[in-house]
Amino acid sequence: MRFSTYQVRGRSFVTLYPEADRLYWKLRGEEMRPEGQYSSFGQAFRKTGDQGFPGGRFHTGAGRDTLMESDALHLQRELGGRALTLDEVLRWGEGFGSAERTASALQWLCLTGRASVFPGVDDAGPALRRRCRRCGGKAGQIRTGTCARCGGKCAWCDQCVILGKSRACTPFFLLEPACDRIPPGNVEMERPILSPSQRDAARECLRWLSGEGEELLVWGVIDAGRKEMVFPAVCRTMEEGGRVLWLSPRKEEVIEVAERMRSVFPGTRVAEVHGDAGAHWADAELTCATAPQAIRFYHRFQLVVVDEGEADLLNGVSGWWNGIRRAAAVTGKRIQLTVTPSRSRRRRARRRNSLITVPVRYHGFPLPVPEVSRVWRFWRKVEHRASIPALETFLTGACGEGGQVLLFVPGVPEADSLLQWIRNRTVLRKVPFDAATGGDPDQSGKIHSFLTGELKGLVTTPSVGKGVAVPRCHIGVAGADHPVFQKAVLIEIAGKAGRSGTYPKGRVCFFPSVRTEAQIGAIRDIREWNRLAAKRGYLRTEGEEP
Ligand SMILES: [Zn+2]
Ligand SMILES: [Zn+2]
């Protein structure tokens, strides 16, 4: 596709469909003076000096503009509230008619102020100021070179490349949502049974929703049941006619959340968007998507919920946050559900009075506080198959009580030698143990055996063990002074013990050679959660009914 520039009253404009512009300016009583043609939208755009069209709508009631307007309205109804590259719009347009018809409708939306258009990547000026319009990627993420698309020297963004390339030579559109809010009305909701802590948090959440705040941080321990706390806020937003976007870190979680939403909100349309599959163009009251997909939306949602899961996956990828902010309507709100917010995020939220803390798991038992058994020259002893009484006692005790053990190590070599050490112990020889680490071809098979209870113990690394959880679990961390065991990692690992209300007594033991700041910090935080939970009256003891 080629892009043209033209002048009206000394101002330059760029278009992807000059016929539409000619009609627009004719209706305004102006004459168009053509200038040049370009194969790169970025180049054409630079000539115009980044100015939008004056906007305005016409109601002549007859003639070509009526046709143009009806096409444009259709396009806006279908694609309004999205941020898309030209390729994405044209792909949608395949069902609409010719590419020209789509382009003319798109151009008409731009002319009448219902869409704005930019090059995918701003590469004007010095290299340091290059920026991706789609994800906000900065100079470090922008690559340059010869482009297969425009044939010239071009720039594209590496950060959002999983959504398809955003380039300097192709236009990127922000389409205003159509004014078709879903009519307000009752939304059917199967109310989940909430624990006292969840009930309080849900109430606070609703109070925040009716206030002025833009962003809410819900900070809770693992298994606090954070999702359920937000359901009433989701429900109210939909009852008021707003759309809701629920973001999860991974595709599997999106599928799971969507499934859950369909059962909680049986009368609601729920769309699932992830990867290349999914209902990208569907219009639904509730959309569940992976975080990067948020970038494809624009001012569409009254409420955006970002569920970070157990890991702080979004921290550090600033681009996704830009997209998430843009996906929310101008008056929209955002809720973040997180386990390990950074100190600055916490402080900011507290200052704005938009922090909800949930210090207890839904079953109400306190978090197990890690015990520390220092073992001088831990790995040397393991290497020499020497006795480590503390570890032996922990392992036999845990397996003896009908429990299972997840034993974390810093890396693959440590996993192998620790497994050899365990198999060498007389008391542990009969206990089925194995190791599952990254790169192991039978990794998932071993994890499966652990989940079914066939294996009593599993030696693993933090990255592999992340998704592994069993109800009767005890946690050991061998070599807990290794730098991979950051405070957040230790807290996350410790949270795997005692997850089930029927077996809340899981132990957590650290076996370091020396104490580290991370261990001390993790223990302090866990104690602080328990103290807070006790103070608010959420804790219950074993045998007590919830
Ligand atoms: Zn980008
Ligand atoms: Zn190009």
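A salt bridge is here a side-chain nitrogen of Lys or Arg within 4 Å of a carboxyl oxygen of Asp or Glu. The exercises below concern a predicted model.

**Exercise 1.** Determine which residues form a salt bridge across the interface of domain 2 and domain 3.

*Solution.*
Step 1. The domain assignment places domain 2 at 196–358 and domain 3 at 371–535; domain 1 spans 3–175.
Step 2. The rule finds 1 salt bridge across the interface of domain 2 and domain 3.
Step 3. Asp223 pairs with Arg499, and their closest N and O atoms are 2.5 Å apart. This pair qualifies because the cut-off is 4 Å.

**Exercise 2.** Describe the contact between domain 2 and domain 3 by its extent and composition.

*Solution.*
Step 1. Between the C-alpha centres of domain 2 and domain 3 the distance is 32 Å. Domain 2 contributes 9 residues to the contact, and domain 3 contributes 7 residues.
Step 2. The two domains bury about 820 Å² between them; carbon and sulfur atoms account for 59% of this area.
Step 3. With both residues required to be at pLDDT 80 or more, 1 residue pair is in polar contact between domain 2 and domain 3. The side of domain 2 that touches domain 3 comprises 5 nonpolar, 2 polar and 2 charged residues.

**Exercise 3.** Identify the protein donors of the zinc ion (ligand 1) and explain why their arrangement is tetrahedral.

*Solution.*
Step 1. The SG atoms of Cys132, Cys135, Cys157 and Cys160 are the protein donors, at 2.2 to 2.3 Å from the zinc ion (ligand 1).
Step 2. Along the sequence these donor residues have the spacing C-x2-C-x21-C-x2-C.
Step 3. The arrangement is tetrahedral because the 4 donor atoms subtend angles of 104 to 114°, and the criterion asks that all angles lie between 85 and 135 degrees.

**Exercise 4.** Establish the donors, spacing and geometry of the zinc ion (ligand 2).

*Solution.*
Step 1. The zinc ion (ligand 2) has as protein donors the SG atoms of Cys147, Cys150, Cys154 and Cys169, which lie 2.3 to 2.4 Å from it.
Step 2. The spacing of these donors along the chain is C-x2-C-x3-C-x14-C.
Step 3. The angles among the 4 donor atoms are 105 to 116°, and the site is tetrahedral.

How values were computed. Residues numbered from 1 in each chain as written. Chains lettered and ligands numbered in written order. Predicted model: local features only at pLDDT ≥ 70, side-chain atom pairs only at ≥ 80, totals over all residues. Heavy atoms only, no water. Domains from an automatic or database assignment. Contact = heavy atoms within 4.5 Å. Buried area = accessible area lost by both parts, 1.4 Å probe. Polar contact = N/O pair within 3.5 Å; in protein donor to acceptor, adjacent residues only side chain to side chain. Nonpolar A, V, L, I, M, F, W, Y, C, P; charged D, E, K, R; others polar. Donors = N, O, S within 2.8 Å, 3.2 Å for Na, K, Ca; no water. Tetrahedral: all angles 85-135°; square planar, octahedral: opposite > 155°, others 65-115°.
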